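Let's walk through this structure together, starting with the overall fold and then stopping at a few individual residues. Please keep the sequence and the 3D view side by side as you read.

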Amino acid sequence: MKIDEAREVRTTCPYCGVGCGVLAKVAANGEVTVRGDPHHPANFGRLCSKGSALAETIDLDG
Ligand code: SF4
């Protein structure tokens, strides 16, 4: 994979026991976006408001 390509990582929301599947995409400029994993049996692509805001919690300042 070239360094300037976006990459998408399959992971899980950490907030509650439902364990929704999340696809987290890291763009070449470092921007992270998340979406529900359409193939995950817990959520089939859906995320609640907390899961939808996961990318807003990613920050190296803290
Ligand atoms: S997206 Fe919402 S329902 Fe799903 S694991 Fe995260 S907090 Fe729980």
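Helices (H or I, at least four residues) and strands (E, at least two) are DSSP runs, numbered from the N terminus. By that reckoning, the chain holds 1 helix and 3 strands, and following the sequence you meet them in the pattern β-β-β-α.

Before going further, a word on the ground rules. This is a predicted model, in which local features need pLDDT of at least 70 and side-chain atom pairs count only at pLDDT 80 or more, while totals for chains, interfaces and linings use all residues. Residues are numbered from 1 along each chain as its sequence is written, and side-chain values use heavy atoms, with hydrogens and water left out.

How confident is the predictor? pLDDT is its confidence in each residue, from 0 to 100. The chain has a mean pLDDT of 89, with 89% of its residues at 70 or more. Among the elements, strand 1 (residues 7–12) has the lowest confidence, a mean of 92, and helix 1 has the highest, at 97.

Now for the surface. Accessible areas come from the Shrake-Rupley method with a 1.4 Å probe, and for residues only the protein chains shown count as cover. The chain exposes about 4600 Å² of accessible surface, and carbon and sulfur atoms account for 54% of this. A residue is called buried under 20% relative accessible area, exposed over 50%, and partly exposed in between (1.4 Å probe, protein chains only). Of the chain's 62 residues, 23% count as buried.

One buried residue to find is V22, in strand 2 (residues 21–26). V22 counts as buried because its relative accessibility is 1%. Contact here means heavy atoms within 4.5 Å. Setting aside residues up to four places away in sequence, V22 touches V9, R10, T11, T12, C13, V34, R35, D37, L47 and L54.

Follow one of those contacts to D37, which sits in the loop between strand 3 (32–36) and helix 1 (49–52). V22 and D37 are 15 residues apart in sequence, yet their C-alpha atoms are 4.9 Å apart in space. D37 has a relative accessibility of 2%, so D37 is also classed as buried. Beyond its neighbours within four places in sequence, the contacts of D37 include R10, G21, L23, N43 and F44.

F44 lies in the loop between strand 3 and helix 1 too. With a relative accessible area of 51%, F44 is exposed. Its backbone deserves a look: F44 is not a glycine, but its phi is positive, at about 45 degrees. Most residues other than glycine have a negative phi.

Finally, turn to the ligand. Which residues are around the ligand? They are C13, Y15, C16, G19, C20, L47, C48, K50 and G51, where being near means having a heavy atom within 4 Å. This shell divides into 6 nonpolar, 2 polar and 1 charged residues, with Ala, Val, Leu, Ile, Met, Phe, Trp, Tyr, Cys and Pro counted as nonpolar, Asp, Glu, Lys and Arg as charged, and the others, Gly among them, as polar.

Two cysteines of the shell can be compared by accessibility: C20 is buried at 16%, whereas C48 is partly exposed at 46%. How many disulfides does the whole structure have? The search finds 0, a disulfide being a pair of cysteine sulfur atoms within 2.5 Å.

How values were computed: pLDDT = per-residue confidence, 0-100.
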